Amino acid sequence: MHMHKYEKIWLIFGVGALVFFLSTIGVSAFYLGNKPASCLTTINPTKVDQTKPFNSPGLHKVEGKDWDYELVFVAQTFSYNPAQVKVPLGAKVRVIATTKDVVHGFEVAGTNINMMLEPGYVSEYTTTFDKAGEYLVVCNEYCGAGHHLMSAKIEVVK
Ligand code: CUA
């Protein structure tokens, strides 16, 4: 028996929608990989101190990049290195962070910086600090007994 014309159209439409749906999921899963999109660079978590740029935490002026400064943070239970850092007002900054042990958060209160730091991955975020003042970096992933004590300070100065 031949399929009715409309059945055929609906079948094609249905399969097409399914393929579209699955590929949308597939593509987003591929890009996001169940991690923040910035978490694509890997690192040996036991060699963080010897691995660039984490061998030198803090603020560094860079040339020839889309940003003016790189602000490098290393997290470990229950602190960030650097614990305090000054950033020039209006500078375009690439925040680059990783963790030496367990999962930590990296949220900068009052900004849109909110990253998850996972062992073995490098998290990056580009931002411009366009308001002077003190910004508190807090850990928003539970990481143990000292979780609530884990913080750092970014001072945006003129
Ligand atoms: Cu580190 Cu919570």
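These legends accompany close-up views of a predicted model.

**View 1. The whole chain, from its one helix through its eleven strands.** Welcome to the overall fold: reading along the sequence, you meet the helix and then the run of strands, in the pattern α-β-β-β-β-β-β-β-β-β-β-β. Of the 158 residues in the chain, 21% count as buried. Among contacts with a separation of 6 or more, 63% join residues 24 or more positions apart.

**View 2. The annotated span, residues 55–158.** In an unreviewed UniProt entry, this stretch carries the annotation "domain: Cytochrome oxidase subunit II copper A binding". As you trace residues 55–158, expect 56% strand and 0% helix. The C-alpha atoms at the two ends of this span lie 28 Å apart.

**View 3. A closer look at R94 in strand β6.** Strand β6 covers residues 92–99, and R94 has its place there. R94 counts as partly exposed because 19 other C-beta atoms lie within 10 Å, while a buried residue would need 20 or more.

**View 4. The contacts of R94.** Setting aside neighbours within four places in sequence, you will find R94 in contact with W67, E70 and L71, and also with E124 and T126.

**View 5. R94 and V137 in one frame.** These two residues are 43 residues apart along the chain, and 15 Å separates their C-alpha atoms. To place R94 in this frame, look for strand β6 once more.

Terms used: Residues are numbered from 1 along each chain as its sequence is written. This is a predicted model: local features need pLDDT of at least 70, side-chain atom pairs count only at pLDDT 80 or more; totals for chains, interfaces and linings use all residues. UniProt positions are given in the numbering used here, feature names are shortened, and annotations may be inferred rather than shown by experiment. Helices (H or I, at least four residues) and strands (E, at least two) are DSSP runs, numbered from the N terminus. A residue is buried if 20 or more other C-beta atoms lie within 10 Å of its own, exposed if 12 or fewer, and partly exposed in between; C-beta atoms are placed from the backbone. Two residues are in contact if their C-beta atoms, placed from the backbone, lie within 7 Å.
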